[in-house]
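Grab a coffee and work through these short exercises with the model open. Try each task before reading its solution.

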Amino acid sequence: MIAKIGKAGANTQGVLRYLYGPGRANEHTDPHVVASWDGFAPDPGRDEAATLTQLATVLDLRVKQAGDRAPDKYVWHCSVRTAPEDPALTDEQWAASARRILNATGIAPSGDPDGCRWVAVRHADDHIHIVATKVRGDLTPPRNWNDYLRADKECAAIEKEYGLRQVVRGDRTAAKRPTRAEQEKTARAGHTATPRVTLRTTVRMAAAAATGTEEFFAVLSGAGVLVDIQRFPSGDIRGYKVALSDDTNAKGEPVWFSGSTLGPDLSYPKIRERLAPTKSASMLRHSDRRPTAWQTVTDAADQIPSVLDEADDAAGQAHVTVLAEALDALPLIAPASYKPHLARAAAAFERASRSHIRARHQQAQTTRQAIKAILREPAPKDGALIVILLDALILAVVAAQGWHHTRRHDQQAEAARQAAEHLHAAYQAAAVQPLAVIHQRGLRLAVTVQQRQAVLVRQVLPTLAEQILTEPSWPALAATLADVQGAGHDLTVLLAEAARRELDTATSINDVLVWRLRRSAHLPATPHDRPARDNLRTPAARATQPAARAAGGSPRRR
């Protein structure tokens with residue numbers, strides 16, 4: 001159940017005219033009063049002798065009596081709606097719900113004879129409208145401060161009592177939704193996304209790509225966005241506004257949006273804080289070799305679950321924020337075949353990127369710098385690199401979902417869940433070709449090698465073994481196990497570690513294990529078609545290796 005409180009107005013009869021009218025698309029049926037302040041309000045819907053003017057007059061009585069003491073905007077209008085799958089409530093249930101919401105908001109407290117005058121009108125199965133005039137019987141205004149949150153809290157209680165769908169509720173950190181006017185204007189123009197949403201996405205991508213505030217504005221301009229930078233008299237930047245060139249008002253002027261109206265984290269101070277250079281130590285594991293930007297991002301994403309589990313809230317929020325930046329950046333470099341899935345994942349996770357916890361951004365600066373670096377490197381020809389990163393990001397997003405859930409960030413947890421679904425779709429599309437290459441190598445493995453790998457799987461993962469061995473992609477995992485073993489790693493340890501992490505959402509356990517093993521063993525994503533030296537089919541083939549070394553060659557370590 002959702003309560004939506006509109007802006008206060010000054011035309012009671014105008015609101016009633018809409019409620020008792022046909023609606024914008026003739027959707028209103030049988031409009032009638034289900035409850036009122038005294039139970040005797042005239043009902044133009046069910047009483048032929050009653051009129052809208054009479055109903056408006058009795059509602060406005062105290063406003064007239066208060067005269068100049070009445071507020072200029074005195075009409076309080078609240079719509080209350082159930083979910084589509086909820087059963088239709090009776091008039092009596094709606095009446096009780098209206099009284100509870102009015103009591104909770106302070107418009108008409110229970111047992112208070114001086115409460116505001118109000119009426120609840122029903123013109124559909126799934127919702128009612130509550131209209132009240134904000135002058136009490138003692139001619140003072142009601143104490144309805146913070147009425148939205150109070151109404152929302154009461155709706156949550158009503159949901160439980162009536163067995164309705166329990167709506168995921170927010171913490172007021174969500175970005176502002178497009179208004180009805182913006183949506184209707186977008187529909188008339190034939191666009192699918194409103195300017196607000198388009199600009200929000202573009203600004204987030206620019207923030208993920210830029211290395212400083214100057215570059216941030218340059219990236220926005222390069223993306224075709226109109227940018228208006230506001231400055232203090234000193235010349236320092238105070239803020240910025242953005243607009244689309246084809247989105248104008250009635251005067252033909254651009255419709256501007258400040259960063260803060262696009263999202264609480266997109267104001268100039270917040271962008272500047274995220275892009276500020278830092279000398280803080282990296283939280284990534286150090287190694288002797290110099291990792292590429294792709295390896296750094298993948299390793300960082302791989303560590304996010306443990307960071308969220310172990311770090312304090314400020315550091316955890318910083319890693320959730322940088323995870324969102326990684327998702328914002330990927331559509332810029334991903335192949336067209338699965339770019340839409342990644343864009344939807346980024347859009348969904350946008351809501352999960354913020355909470356009331358203030359992020360300590362320096363804790364995640366190494367990851368942030370690596371994200372910006374991959375945008376400046378040539379796109380990898382090997383699609384498996386993106387697949388390995390996507391697998392790590394899926395685990396990170398699932399971990400973020402759990403992190404938000406334990407802190408009762410309901411909307412953020414739901415947003416992370418949706419983002420994980422879109423990432424799974426992108427992963428499945430991206431993995432087809434690289435897995436096919438590894439699968440073909442597995443089919444050419446010696447039978448004895450496959451048998452040894454099967455024995456190992458049964459020993460290390462007894463509860464998953466049958467599913468693993470019967471999946472069509474078993475040859476790909478067998479080839480990867482052979483590569484890991486040939487590279488000198490402890491296969492038992494790496495396999496157990498790979499399976500210890502989340503597998504419940506995996507479509508194919510083998511596919512997931514392939515990429516986790518290749519990542520943890522630092523193997524080439526899609527190796528050359530050259531089997532590991534202890535897995536060749538014939539003794540004669542193995543015998544050629546010493547000769548090759550004597551001639552100055554060496555088998556490639558994998």
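**Exercise 1.** Locate Arg177, then decide whether Arg177 is buried or exposed.

*Solution.* Step one: Arg177 sits in the loop that links helix H5 (147-162) to helix H6 (180-189); helices here are DSSP runs of H or I with at least four residues, strands are E runs of at least two, and both are numbered from the N terminus. Step two: its relative accessibility is 71%, so Arg177 is exposed (buried is under 20% relative accessible area, exposed over 50%, partly exposed in between, using a 1.4 Å probe and protein chains only).

A quick word on ground rules: this is a predicted model, where local features need pLDDT of at least 70 and side-chain atom pairs count only at pLDDT 80 or more, while totals for chains, interfaces and linings use all residues. Numbering starts from 1 along each chain as its sequence is written, and side-chain values use heavy atoms, leaving out hydrogens and water.

**Exercise 2.** Place Arg368, classify it, and find a side-chain partner.

*Solution.* Start with helix H14 (residues 365-374), which holds Arg368. Next, Arg368 is buried because its relative accessibility is 2%. Finally, its side chain makes a polar contact with the side chain of Gln365 at 2.3 Å (a pair of N or O atoms within 3.5 Å; within protein, one must be able to donate a hydrogen and the other to accept it, and sequence neighbours count only if both atoms are side-chain atoms).

**Exercise 3.** What is the phi of Asn146, and where does Asn146 lie?

*Solution.* Phi is positive, about 65°, although Asn146 is not a glycine. Asn146 belongs to the loop between strand S5 (127-133) and H5. With a relative accessible area of 24%, Asn146 is partly exposed.
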